[in-house]
Amino acid sequence: MKTAAIIAEYNPFHKGHIYHIEQTRKLTKADCVVALMSGNFVQRGEPAFADKYTRARMALECADLVLELPAVYAVSSAEGFASGAVSVLDSMSGIDFLSFGTECSYPECETLYKAADILAAEPDGYTALLKEKLAAGMSFPAARAAALTEYTGDDGISALLSSPNNILAAEYMKALIRRSSAIKPFPIKRLGDYHYSGKESENGFAGAAAVRSLYRLEGLDGIRDSVDGAALAILTEAAGHTLPVYSGDVSALLCYAAAVNSEKLASLYDVGEAIAGKLCSALSDCAVHDFEALASKLKSRELTHTRICRALIHILLDIRQSDADMLAASGYPSYARILGFNSIGREFLSSVKKDAALPIISNCADAYGSLSPEQKYLFDKDLLASRIYGNILYSKYKTAPVDDFRSRPIIVKHPAASSGTSNLIRPQKRGI
């Protein structure tokens, strides 16, 4: 079975994602497409617009198997996000391709490969330039792009690495190189204006951020042109019960977490002394207790808005810098948590179960006891993320939280299709 994997958030699942899966299946001639998806919190540093089961249901209209990326990796920097995700896929065995979207055409992807080689090797000349740029007060993404440009003499690198998707693409390639992985990187150029905020965009593709913005402004009517019928039906069913969720919905919990951990804020992942001090000062102002207001107040020339938002989520999830360093030093240990599959996905799971170098989890209650200490740390953070998200849903919609230990994967009756009515069997889950 030839298998292609996609690392994604599907926040929410839209027509551009369908295009990506269809192109991946067509161009790689894959029999099976595996989606490794962020859970209830996402890499830009906020809770997901829709819960992980709703997003997995949408993805299974096109993908054959959906796995959950552990929360610690899902809310990491581009390097941690890519390294954690690639670790899952590489350790499963049986994955032939890693497909990802880029903003550039194939010839320009050669420049991304070159950048990834340098980032993986970290030659002295490059690292010296990077330190110089950071010391000058540049943000890390800007400093890295400038250092690569100067080191290679290629002015095109800086422009390519100005796009978040290209940055992630380079990180995926770097992670594969560092693991000497047999998985082949497979870039696919994105189509349409993914930052467009109107109802229609070129080729009908609007990015997830635009879809979320449209939903916030106009509700379901605003996103009809951006999602297909099956996804719209799933979103309609979930609306007002498990979605939408926005960053502001964690404001009170974040302020509480920051208050009770005020003495150790600087030790938390991506926080440090600078953010900790500014955060304590901001929280002393009774007018600044909103998530976005806090992020805006903490933002600076050196610290991007997304970096600040991730730091705030690390406070919420109590992820320490020492723990993140331990996971990186351990080679990003993980497990494959199954959110859903169809008959093809089931066949793939059966084929790799014996040779996989990591636990494949369908029943959390059965699997938890066999996890290593590092894997248990990751899983405990997944459970915490689920409990926090469940608290949000109950506070906002009075929806009973889902217990990860009682949940079972979503099972799809038939192989994936890109359109049509839903063929899903709902996950077995009970409120607590």
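This is a short chat about a predicted model, taking in one histidine, a cavity, the cysteines and one aspartate.

Student: Where does His20 sit?
Tutor: His20 is part of helix 1, which covers residues 15–28.

Student: Buried or exposed, that His20?
Tutor: His20 counts as buried, because its relative accessibility is 14% and the cut-off for buried is under 20%.

Student: Which residues is His20 in contact with, leaving aside its neighbours within four places in sequence?
Tutor: Those residues are Ile6, Ser99, Phe100, Gly101 and Ile188.

Student: And what joins the side chains of His20 and Ser99?
Tutor: A polar contact does, at 2.8 Å.

Student: Changing topic. How many cavities of 30 Å³ or more does the structure hold?
Tutor: The structure has 1 cavity of that size. The space inside the largest cavity comes to about 40 Å³.

Student: Which residues line the largest cavity?
Tutor: The lining consists of Gly39, Asn40, Phe41, Lys52, Glu68, Ala71, Asp382, Ala385 and Ser386.

Student: What about the lining by class?
Tutor: The lining of the largest cavity divides into 3 charged, 3 polar and 3 nonpolar residues.

Student: Which helix gives the most to that lining?
Tutor: Helix 19, running over residues 373–397, gives the most, with 3 residues.

Student: On to the cysteines. How many disulfides does a search of the whole structure find?
Tutor: The search finds 0 disulfides.

Student: Why is there no bond from Cys32 to Cys62?
Tutor: The closest cysteine sulfur to that of Cys32 is in Cys62, and it is 13 Å away, so it is too far for a bond. To count as a disulfide, the two sulfur atoms would have to be within 2.5 Å.

Student: What about Cys309, which cysteine sulfur is nearest there?
Tutor: For Cys309 the nearest is the sulfur of Cys255, 13 Å away, and Cys309 is in no disulfide.

Student: Are those two, Cys32 and Cys309, buried or exposed?
Tutor: Cys32 is buried, with a relative accessible area of 0%. Cys309 counts as buried too, at 3% relative accessibility.

Student: Last one, Asp366. Where is its place?
Tutor: Asp366 belongs to helix 18, made up of residues 364–367.

Student: Buried or exposed?
Tutor: Asp366 counts as exposed, because its relative accessibility is 62% and exposed means over 50%.

Student: What separates Asp366 from Tyr256?
Tutor: Their C-alpha atoms are 33 Å apart, and along the chain Asp366 and Tyr256 are 110 residues apart.

Conventions
Residues numbered from 1 in each chain as written. Predicted model: local features only at pLDDT ≥ 70, side-chain atom pairs only at ≥ 80, totals over all residues. Heavy atoms only, no water. Helix = DSSP H or I, 4+ residues; strand = E, 2+ residues; numbered from the N terminus. Buried < 20%, exposed > 50% of the residue type's maximum accessible area, 1.4 Å probe, protein only. Polar contact = N/O pair within 3.5 Å; in protein donor to acceptor, adjacent residues only side chain to side chain. Contact = heavy atoms within 4.5 Å. 1 Å grid on protein atoms, 1.4 Å probe; cavity = no way out; pocket = protein on both sides within 12 Å on 5 of 7 lines; lining within 4 Å. Points joined across faces, edges and corners; volume = space filled by probe spheres on them. Nonpolar A, V, L, I, M, F, W, Y, C, P; charged D, E, K, R; others polar.
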